[in-house]
Amino acid sequence: DMSGRGRNLVLSIGVIVVVIALMAYPLARAIVGPIDRLTETATTITKGDLSARSELVHKGVIGVLATAMDRMAEQLDKRITREKELLANISHEIRSPLARIKVAPELCTEDDATDTEIKERLSVIEGDLDELEQLIEDVFINTKLDFAESGGNENALILRRELVEIENTVSECQKRFAAAHQNHELIVKIEKGLPYLHVDPVLFRRVFDNLLDNAAKYSPKEQSVELEVTQGEKGITIEIRDRGIGIPEEDLERVFEPFFRSDRSRTPETGGTGLGLTLSKRIIDSHRGKLVALNREGGGTKFRITFDT
């Protein structure tokens, strides 16, 4: 009869619904569980714990999302750690010249201080102020490069490119080197007919000055420094070489880290802001060039810059 058929139909539909529900439950859990885990990880990261990771292994879109989130957290963790280390090092570097500047005026006002002693102490203050100014400028450039790498307008903010003749740049650097390092001779070799480079002239000169200054600081007095520019099949190569103390093989890549100094270079005479090599590499990288540190046969170091043309 019709009522019996109706009951059978309702029962059949009910059975189908229950079966579908039972089949769908594991699928729902397979989706909801990973999403809950991702949500929990994201919440933990938002609260400031950048060590949190979902460590979720999953196929499909959820797996891609989990991997992207973990990588993002890892990059943020590394970036913030680097910034904290940079700030700590900057604070350390600033403390010494500030302490000397603070003491020098007191020494200058001593009753028994001679004119010669006062001039010497004022000269020390001038040197310390120059060191602080250089450090601030290096930090400023480093910050601008960070901004460019994070999505800022690179061409407008950082790189004001022009066609630069290398011979002119080297000539200017020679004059500055001679004035700053009177105990070292700079030997220059430049191949004729070099093409112009499309670079930021201010930052490009900064790289030359940093590398030449570094070569002089770590070389014995009266030891010459060499600068050679050549053109090969693939592009232009610039090498700055010295016969100084050299760099241990395990430290050749680390010399470009902010404020890194190998054990051989930890002497009071070397000075510097600790950011020169770091900025040099970042500037060359931003121009799509390559800067590497190499040990030289017979002792010493050479820094090699290559540009594809």
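This is a short talk on the fold of one protein chain, its main sheet, and a group of charged residues on that sheet.

A word on the source before I start: what you see above is a predicted model.

Let me begin with the whole chain. The chain has 309 residues, and 35% of them count as buried. It holds 7 helices and 7 strands. If you walk along it from the N terminus, the elements come in the order α-α-α-α-β-α-β-β-α-β-β-α-β-β. The exposed surface comes to about 19,500 Å², and 55% of that is supplied by carbon and sulfur atoms. Now take the contacts between residues at least 6 apart in sequence: 67% of these join residues at least 24 apart.

Next, the sheet. Which strands does it contain, and in what order? It is an open sheet of 5 strands, and the order across it is S2-S4-S5-S7-S6, with mixed pairing. At the edges are strand S2, residues 186–190, and strand S6, residues 290–295; each of these pairs on one side only. On average, neighbouring strands in the sheet are turned by 15° against each other, direction ignored.

Helices pack on this sheet. Helix H5, residues 166–180, touches S2, S4 and S5, and its direction makes about 175° with that of S2. Helix H7, residues 276–286, lies across S6 and S7 and runs at about 135° to S6.

Now look at strand S5, residues 235–241. S5 and S7, residues 301–308, run antiparallel and are joined by 7 bridges. Two residue pairs let you find this on the model. Ile236 has Phe307 in S7 as its bridge partner, and Ile238 stands opposite Ile305 in S7. S5 also pairs with S4: 6 bridges join these two strands, again antiparallel. S4 and S5 form a hairpin, with 3 residues between them. Here the pair to find is Glu226, which stands opposite Arg241 in S5.

Is S5 buried or exposed? Of its 7 residues, 6 are buried, so S5 is largely enclosed by the rest of the structure.

That brings me to the charged residues. As background, side chains of opposite charge can pair when their charged atoms come close. The count for this model is 11 salt bridges. I will go through three.

The first pair I picked is Arg296 and Glu226, whose closest N and O atoms are 3.0 Å apart. Why does this pair tie together parts far along the chain from one another, 70 residues apart in sequence? Because Arg296 lies in the loop between S6 and S7, while Glu226 lies in strand S4. Arg296 has a relative accessible area of 15%, so it is buried.

The next pair is Glu228 and Arg241, with 2.7 Å between the closest N and O atoms. Glu228 lies in strand S4 and Arg241 in strand S5, so this salt bridge ties together parts 13 residues apart in sequence. How well covered are the two residues? Glu228 has a relative accessible area of 24%, so it is partly exposed. Arg241, at 11%, counts as buried.

The last of my three joins the side chains of Glu239 and Arg241, at 2.6 Å from N to O. Glu239 is buried too, with a relative accessible area of 10%. Which residues belong to the network that these salt bridges build by sharing partners? They are Glu226, Glu228, Glu239, Arg241, Arg296 and Arg304.

One more residue, away from that network. Asn142 lies in helix H3, residues 115–149. Its relative accessibility is 7%, so Asn142 counts as buried. What does Asn142 touch, leaving out residues up to four places away in sequence? The answer is Leu86, Leu279 and Arg282. With Arg282 there is also a polar contact, side chain to side chain, at 2.7 Å.

To recap: the sheet is open and has 5 strands, S5 within it is largely enclosed, since 6 of its 7 residues are buried, and salt bridges with shared partners join six named residues, among them Arg241 and Arg296, into one network. That is all I have.

Notes. Residues are numbered from 1 along each chain as its sequence is written. This is a predicted model: local features need pLDDT of at least 70, side-chain atom pairs count only at pLDDT 80 or more; totals for chains, interfaces and linings use all residues. Side-chain values use heavy atoms; hydrogens and water are left out. Two strands pair if DSSP finds at least two bridges between them. Helices (H or I, at least four residues) and strands (E, at least two) are DSSP runs, numbered from the N terminus. Axes are lines fitted to C-alpha atoms, for helices over the stretch in contact, and angles run from 0 to 180 degrees between N-to-C directions. Contact means heavy atoms within 4.5 Å. Buried means under 20% relative accessible area, exposed over 50%, partly exposed in between (1.4 Å probe, protein chains only). A polar contact is a pair of N or O atoms within 3.5 Å; within protein, one must be able to donate a hydrogen and the other to accept it, and residues adjacent in sequence count only if both atoms are side-chain atoms. Accessible areas come from the Shrake-Rupley method with a 1.4 Å probe; for residues, only the protein chains shown count as cover. A salt bridge is a side-chain nitrogen of Lys or Arg within 4 Å of a carboxyl oxygen of Asp or Glu.
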